[in-house]
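Work through the exercises below with the sequence and the structure at hand. Each task is followed by a solution in steps.

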2 protein chains.
Amino acid sequence: MSNRVTIIDVAAKAGVAISSVSSALNNRPGVSEDTRRRIVAAAKELGFVPSLRGRSLSAKRAFTVGLVVHRDPYVLESDPFFGSFIGGIETVLDPRGYALILQMGSEPVETLDRYRTLAANRRVDGVFISDLGVDDPRVPLVLELGLPAVGVNADPGFPLTAVRQSHVEGIRELVEHLVGLGHTRFAHVTGPHEFIHAGQRLRAWSDALEDAGLPVGEIVEGDFTYDGGVAAANGLLAGRATRDRPTAVMCSNDLSAIGFLGRAGELGLRAPDDLSVAGFDGIELGTYVRPTLTTVATNPRLLGVEAARLLLETIERIDGMAVADVDIEPARLVVRTSTGPAPRPR
Amino acid sequence: MSNRVTIIDVAAKAGVAISSVSSALNNRPGVSEDTRRRIVAAAKELGFVPSLRGRSLSAKRAFTVGLVVHRDPYVLESDPFFGSFIGGIETVLDPRGYALILQMGSEPVETLDRYRTLAANRRVDGVFISDLGVDDPRVPLVLELGLPAVGVNADPGFPLTAVRQSHVEGIRELVEHLVGLGHTRFAHVTGPHEFIHAGQRLRAWSDALEDAGLPVGEIVEGDFTYDGGVAAANGLLAGRATRDRPTAVMCSNDLSAIGFLGRAGELGLRAPDDLSVAGFDGIELGTYVRPTLTTVATNPRLLGVEAARLLLETIERIDGMAVADVDIEPARLVVRTSTGPAPRPR
DNA sequence: TTGAAAGCGTTACCAA
DNA sequence: TTGGTAACGCTTTCAA
């Protein structure tokens with residue numbers, strides 16, 4: 001197990017110089033077809049695989065990219081975003097000889113340090129920045145460090161290359177769906193205001209309602225968790241007269257919508273008869289709960305694919321030119337059974 | 001961003017040889033206290049961080065370990081095991097200068113290739129082997145490759161170092177709990193038989209029931225998913241007379257137990273009145289569903305911590321001695337509201 | 001087309 | 001205690 005095959009062994013076996021081996025194996029010109037064949041044969045016979053360490057040192061590249069997740073463990077556990085996102089990243093990275101380093105930092109400060117260390121010892125060639133926050137400190141940091149980076153679902157004007165999936169169309173479809181069902185009293189349960197996507201979703205919701213000429217209604221801050229949905233349901237539904245309750249509620253993600261529905265049920269309010277509830281994300285769990293959850297379905301896997309593509313492009317870019325952003329297909333409304341006609345006032 | 005500070009710069013600044021810088025910064029003997037101070041000062045002033053690439057090449061170590069997840073994306077998404085497991089791993093790796101490479105392979109064959117590649121280019125110094133299968137081909141593979149590895153929840157006699165959390169006590173407690181409630185007709189919904197932990201849990205269940213002098217009852221194979229639980233409920237409950245139905249069911253994991261409960265509810269059977277259902281894992285979701293889920297709670301985070309400790313120990317072991325296995329505290333029964341007294345026959 | 005040698009940034013060995 | 005230098009395994013440049 002100890003002495004692995006090196007380029008020297010291959011050169012010796014093929015009877016050529018190591019530089020020729022390098023050229024031949026990397027499909028570079030300057031090697032005759034004949035010697036190339038000899039070299040390839042020798043390499044195969046010896047089972048030669050270039051050492052990443054040697055390559056890294058020489059090429060000044062780690063062939064590794066990083067993802068630092070800065071959420072508390074529970075959210076990560078229950079959030080299906082990362083599983084799919086990482087899966088998508090992987091499918092791009094692997095064929096191109098890159099690998100993904102995953103780190104977790106619960107504290108925001110800790111997260112920054114992770115990026116710093118990653119950059120300092122050049123462990124990665126670039127990083128993903130997901131779950132962007134308002135005035136996210138990671139952005140100036142990677143800029144200062146000169147660390148290639150790609151942002152996920154960034155706002156317009158983002159100073160780094162970004163991949164986005166528009167939520168506007170889907171949320172607008174949701175509003176139209178609810179309006180078409182006769183709803184007039186709306187409410188929105190947001191995510192934590194420090195995340196930009198929480199604000200993005202709220203804005204799309206408000207804009208669509210305004211365009212429909214309807215009041216935006218109540219807005220309560222949730223936290224993307226099941227418990228947050230429970231709390232929101234308590235705030236919006238508990239102890240209120242029917243006429244004071246919203247009849248159509250959008251929660252900023254599916255998990256909180258499911259929490260909301262659960263608590264609503266305990267309060268004796270059934271969806272879709274007594275009220276309509278919708279989420280955002282499109283997680284599998286939403287197809288299992290009863291009623292099944294109407295939602296706006298996103299595509300985290302594709303987001304990962306494109307993010308990885310962009311990051312590698314940014315890294316391998318020779319000229320310093322910025323890589324163009326990518327927008328994947330917008331998230332779309334998926335109507336299930338948690339939304340229905342507005343209850344008739346009586 | 002381009003020219004980073006190297007050990008040569010530090011040596012020049014401190015007016016010493018690079019070998020002295022290396023010794024001083026790595027707290028090796030052979031450097032006078034005085035020069036050490038000068039070197040440390042120079043390093044700090046220059047903001048020197050040793051290059052991982054240089055170190056890797058010289059030390060013949062990647063300072064990286066790998067985790068290859070071989071599940072299909074959906075299971076990964078909804079399985080909280082990995083989030084916590086990885087979180088635990090991280091807390092050990094980071095302070096010791098190691099990082100985690102995460103890869104995903106849905107096909108078993110693909111997974112093996114990942115390990116092979118990881119080993120061939122020496123991208124990692126060691127790997128975790130989780131979700132062990134019966135006659136898992138990864139075990140002979142890492143053995144053949146000479147790749148340090150740690151198994152998670154391996155069976156006795158496992159040829160590699162392993163970290164385990166015993167499920168026996170918790171499942172026995174569950175059986176005693178159910179027996180104490182007067183149940184006599186049991187059923188077990190397993191995980192896929194190719195995973196050893198599915199078998200481990202079934203065996204613990206059967207043994208405990210046998211010891212109690214009660215019939216083991218029906219055993220149906222599930223697949224650890226919500227849908228698998230639904231299917232199992234269809235098989236065990238649908239279209240059966242009350243006297244032919246089991247009254248106490250253990251599902252091999254929480255997710256399938258929740259699916260089982262959901263389907264049971266649709267069939268008009270309420271837990272805990274009409275039947276008792278328990279899971280295994282202790283996921284958060286189990287505290288949210290109604291009824292809340294009785295389960296055997298595991299500690300994936302601690303499993304990750306100990307697995308990482310063992311792996312680093314194995315890697316850094318100078319003598320070839322095997323590292324001793326670690327058993328963390330057994331998983332324990334957590335009684336919630338999905339289990340209750342056996343329904344009175346009428 | 002081929003080969004020799006420098007360089008990447010460390011660590012480790014061996015003289016001085 | 002110090003410093004010089006080989007070694008790690010590759011890529012790349014420059015002569016031959």
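**Exercise 1.** Which unit do strand 3 of chain A, helix 8 of chain A and strand 4 of chain A make?

Solution. Keep in mind that this is a predicted model.

Step 1. Take the pairing of the two strands: strand 3 of chain A and strand 4 (residues 149-152) of chain A pair in the parallel sense over three bridges. In this pairing Val127(A) stands opposite Ala149(A).

Step 2. Add helix 8 (residues 138-145) of chain A: together with strand 3 and strand 4 of chain A, this helix makes a right-handed β-α-β unit.

Step 3. Look for a further partner of strand 3 of chain A. Strand 1 (residues 64-69) of chain A pairs with strand 3 in the parallel sense, over three bridges. Here Gly126(A) is the bridge partner of Val65(A).

**Exercise 2.** Decide for both faces of strand 3 (residues 126-129) of chain A: are they covered or uncovered?

Solution.

Step 1. Recall the general rule: side chains in a regular strand alternate between the two faces of the sheet.

Step 2. Sort the residues by side. Gly126(A) and Phe128(A) are on one side, and Val127(A) and Ile129(A) are on the other.

Step 3. Check burial. The residues on both sides are all buried, and both faces of strand 3 of chain A are covered.

**Exercise 3.** Describe strand 6 of chain B by its burial, its partners and the unit it belongs to.

Solution.

Step 1. Strand 6 (residues 186-190) of chain B is mostly covered, with five of its five residues buried. Phe186(B), His188(B) and Thr190(B) point one way, while Ala187(B) and Val189(B) point the other way.

Step 2. One partner is strand 8 (residues 248-251) of chain B, paired with strand 6 in the parallel sense over four bridges. Phe186(B) stands opposite Ala248(B) in this strand 8.

Step 3. Another partner is strand 7 (residues 218-221) of chain B, also parallel to strand 6 and joined to it over four bridges. Opposite His188(B) stands Ile219(B).

Step 4. Helix 10 (residues 196-211) of chain B completes the picture: strand 6, helix 10 and strand 7 of chain B make a right-handed β-α-β unit.

**Exercise 4.** Is Arg172(B) buried or exposed, and why?

Solution.

Step 1. Locate the residue: Arg172(B) is found in helix 9 (residues 168-180) of chain B.

Step 2. Apply the cut-off. A residue counts as buried if 20 or more other C-beta atoms lie within 10 Å of its own. Arg172(B) is buried because 20 other C-beta atoms are within 10 Å.

Step 3. Name the contacts. Leaving aside neighbours within four places in sequence, Arg172(B) is in contact with Ala204(B) and Ala208(B).

Step 4. Set a distance beside this. Arg172(B) and Glu33(B) are 139 residues apart in sequence and 60 Å apart in space, C-alpha to C-alpha.

**Exercise 5.** Which residues are closest to DNA strand D, and which to DNA strand C?

Solution.

Step 1. DNA strand D is surrounded by 28 residues, and the closest are Ile7(A), Ser19(A), Gly54(A), Ala17(B) and Ser19(B). The elements that give two or more residues to this surface are helix 2 (18-25) and helix 4 (52-59) of chain A, and helix 2 (18-25) and helix 4 (52-59) of chain B. Helix 4 of chain A gives the most, with six residues.

Step 2. Class the residues near DNA strand D: eleven are nonpolar, 14 polar and three charged.

Step 3. Repeat this for DNA strand C. It is surrounded by 26 residues, the closest being Ser19(A), Ser19(B), Ser51(B), Gly54(B) and Ser58(B). Here helix 4 of chain B gives the most, with six residues. The surface near DNA strand C has ten nonpolar, 13 polar and three charged residues.

**Exercise 6.** How does the radius of gyration of chain A stand against that of a compact globule of 346 residues?

Solution.

Step 1. A compact globule of 346 residues would have a radius of gyration near 20 Å, whereas chain A has 26 Å.

Step 2. Add the box: along the principal axes, the C-alpha atoms of chain A fill roughly 95 × 35 × 35 Å.

Step 3. Add burial: 50% of the 346 residues of chain A count as buried.

How values were computed:
Residues are numbered from 1 along each chain as its sequence is written. Chains are lettered from A and ligands numbered from 1 in the order in which they are written. This is a predicted model: local features need pLDDT of at least 70, side-chain atom pairs count only at pLDDT 80 or more; totals for chains, interfaces and linings use all residues. A residue is near a molecule or strand if its C-beta atom, placed from the backbone, lies within 6 Å of it. Ala, Val, Leu, Ile, Met, Phe, Trp, Tyr, Cys and Pro count as nonpolar, Asp, Glu, Lys and Arg as charged, and the others, Gly among them, as polar. A residue is buried if 20 or more other C-beta atoms lie within 10 Å of its own, exposed if 12 or fewer, and partly exposed in between; C-beta atoms are placed from the backbone. Two residues are in contact if their C-beta atoms, placed from the backbone, lie within 7 Å. Two strands pair if DSSP finds at least two bridges between them. A crossover is right-handed if, with the strands pointing away from the viewer, the path from the first strand over the helix to the second runs clockwise. The radius of gyration is taken over C-alpha atoms; the globule rule is 2.2 Å times the number of residues to the power 0.38.
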